[in-house]
Amino acid sequence: MIIKTVDLETVCGVTSLLPENTLPEFAFAGKSNVGKSSLINALMNRKAYARTSSQPGKTQTINFYNINKALYYVDLPGYGYAKVSLEAKAKWGKMIERYLQKSAMLKMVFLLVDIRHEPSANDKMMYDWVVSNGYHPVIIATKLDKLKRSQVPKAVKVIRMGLGMEKEDILIPFSAETKQGREEIWELIEQAAQETPLNS
């Protein structure tokens, strides 16, 4: 995918109304320190457009990035960060749930997990949540460059089992360093952008 234009078009807080977009939306969810901003920057071919932070839990809004005036990347708040209050976590949860249930143009949900670790309780909860809202999340296993090549098949198997994925569910190992996996993700986005919305 050739990225010509990127525009942070809408930022939604807890009380904001969701935009009534008419272009396909692709949502990205994941734990606070899983590398979500790095993935989105890699997909936008930008070094630092989506804000990366050494302080996890910074994304407290839903950010809509207009890509090529053709589709949206939707950055959902990171979850599972210990230093955030339970009240804040509950608010973020409601924001994400509202978005999953209300967006008419959401085509696909990408759920990021760290390839080095077994999925956490929060990862599993998010996976089940996305599925219960009628989507089959595509799993992006980040930080691929931190593993030896020989370790990858076992790590992928652990994630699949930990989340309770179906055989046909897609998992893509990804590295923000080497950009491995980016082309596969773009391919899925381009393909899905041509189809009708899942929940229309």
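**Close-up views of selected sites**

**View A. A salt bridge within helix H3.** Aspartate 128 and lysine 124 are both residues of helix H3, 4 residues apart, which is about one turn of the helix. The model shown in this and the following views is a predicted one. The side chains of aspartate 128 and lysine 124 meet in a salt bridge, with an N to O distance of 3.1 Å. Aspartate 128 counts as partly exposed because its relative accessibility is 37%, and lysine 124 is likewise partly exposed, with a relative accessible area of 29%. This pair is one of the salt bridges in the structure, which holds 4 of them.

**View B. A buried salt bridge between helix H1 and strand S4.** Lysine 36 forms a salt bridge with aspartate 75, and the closest N and O atoms of the pair are 2.5 Å apart. Distant parts of the chain are linked in this way, since lysine 36 belongs to helix H1 (residues 36-44) and aspartate 75 to strand S4, with the two positions 39 residues apart in sequence numbering. Both partners, lysine 36 and aspartate 75, are buried.

**View C. A salt bridge between a buried and a partly exposed residue.** Aspartate 114 and arginine 116 form a salt bridge in which the closest N and O atoms are 2.8 Å apart. Aspartate 114 has a relative accessible area of 10% and is therefore buried, whereas arginine 116, with a relative accessible area of 37%, is partly exposed.

**View D. The largest nonpolar core.** This core contains 35 residues, of which Ile62, Tyr99, Ile115 and Ile139 touch the most other members. At least two residues of the core are supplied by each of strand S2 (25-30), strand S3 (62-67), strand S4 (71-75), helix H2 (86-102), strand S5 (106-114), helix H3 (121-132), strand S6 (138-142) and helix H4 (152-163). The largest share, 5 residues, comes from H4. In soluble globular proteins, nonpolar side chains tend to be buried together. For the chain as a whole, 48% of the 200 residues count as buried.

**View E. Phenylalanine 64 in strand S3.** Phenylalanine 64 is found in strand S3 and is buried, with a relative accessible area of 1%. The C-alpha atoms of phenylalanine 64 and glutamate 25 are 8.6 Å apart in space, although the two residues are 39 residues apart in sequence.

**View F. A negative surface patch that includes residues of helix H5.** Glu183, Glu184, Glu187 and Glu190 form a negative patch on the surface. Among them, glutamate 187 lies in helix H5, which spans residues 182-193. Glutamate 187 is exposed because its relative accessible area, 55%, is over the 50% cut-off.

**View G. A nonpolar surface patch with tyrosine 49.** Leu8, Val11 and Tyr49 form a nonpolar patch on the surface, and together they have about 220 Å² of accessible area. Tyrosine 49 has its place in the loop between H1 and S3, and with a relative accessible area of 32% it is partly exposed.

**View H. Two asparagines with positive phi, each in a loop.** Asparagine 45 has a phi near 55 degrees, which is a positive value in a residue other than glycine. Asparagine 45 is placed in the loop between H1 and S3 and counts as partly exposed, at 42% relative accessibility. Asparagine 68 also has a positive phi, near 55 degrees, and is again a residue other than glycine. The loop that holds asparagine 68 runs between S3 and S4, and asparagine 68 counts as partly exposed at 24% relative accessibility.

**View I. The order of helices and strands along the chain.** The chain has 5 helices and 7 strands, which follow one another along the sequence in the pattern β-β-α-β-β-α-β-α-β-α-β-α. Several sites from the preceding views can be placed on this order: lysine 36 lies in helix H1 and aspartate 75 in strand S4, phenylalanine 64 lies in strand S3, aspartate 128 and lysine 124 lie in helix H3, and glutamate 187 lies in helix H5. Two further sites fall in loops, with tyrosine 49 between H1 and S3 and asparagine 68 between S3 and S4.

Conventions
Residues numbered from 1 in each chain as written. Predicted model: local features only at pLDDT ≥ 70, side-chain atom pairs only at ≥ 80, totals over all residues. Heavy atoms only, no water. Patch = residues over 30% accessible without salt bridge, like charges linked within 9 Å, V, L, I, M, F, W, Y side chains within 5 Å. Areas by Shrake-Rupley, 256 points an atom, 1.4 Å probe, with all protein chains shown as cover. Lys, Arg positive; Asp, Glu negative; His and termini not counted. Charge placed at Lys NZ, Arg CZ, Asp CG, Glu CD. Buried < 20%, exposed > 50% of the residue type's maximum accessible area, 1.4 Å probe, protein only. Core = buried A, V, L, I, M, F, W, Y, C linked by side-chain atoms within 4.5 Å.
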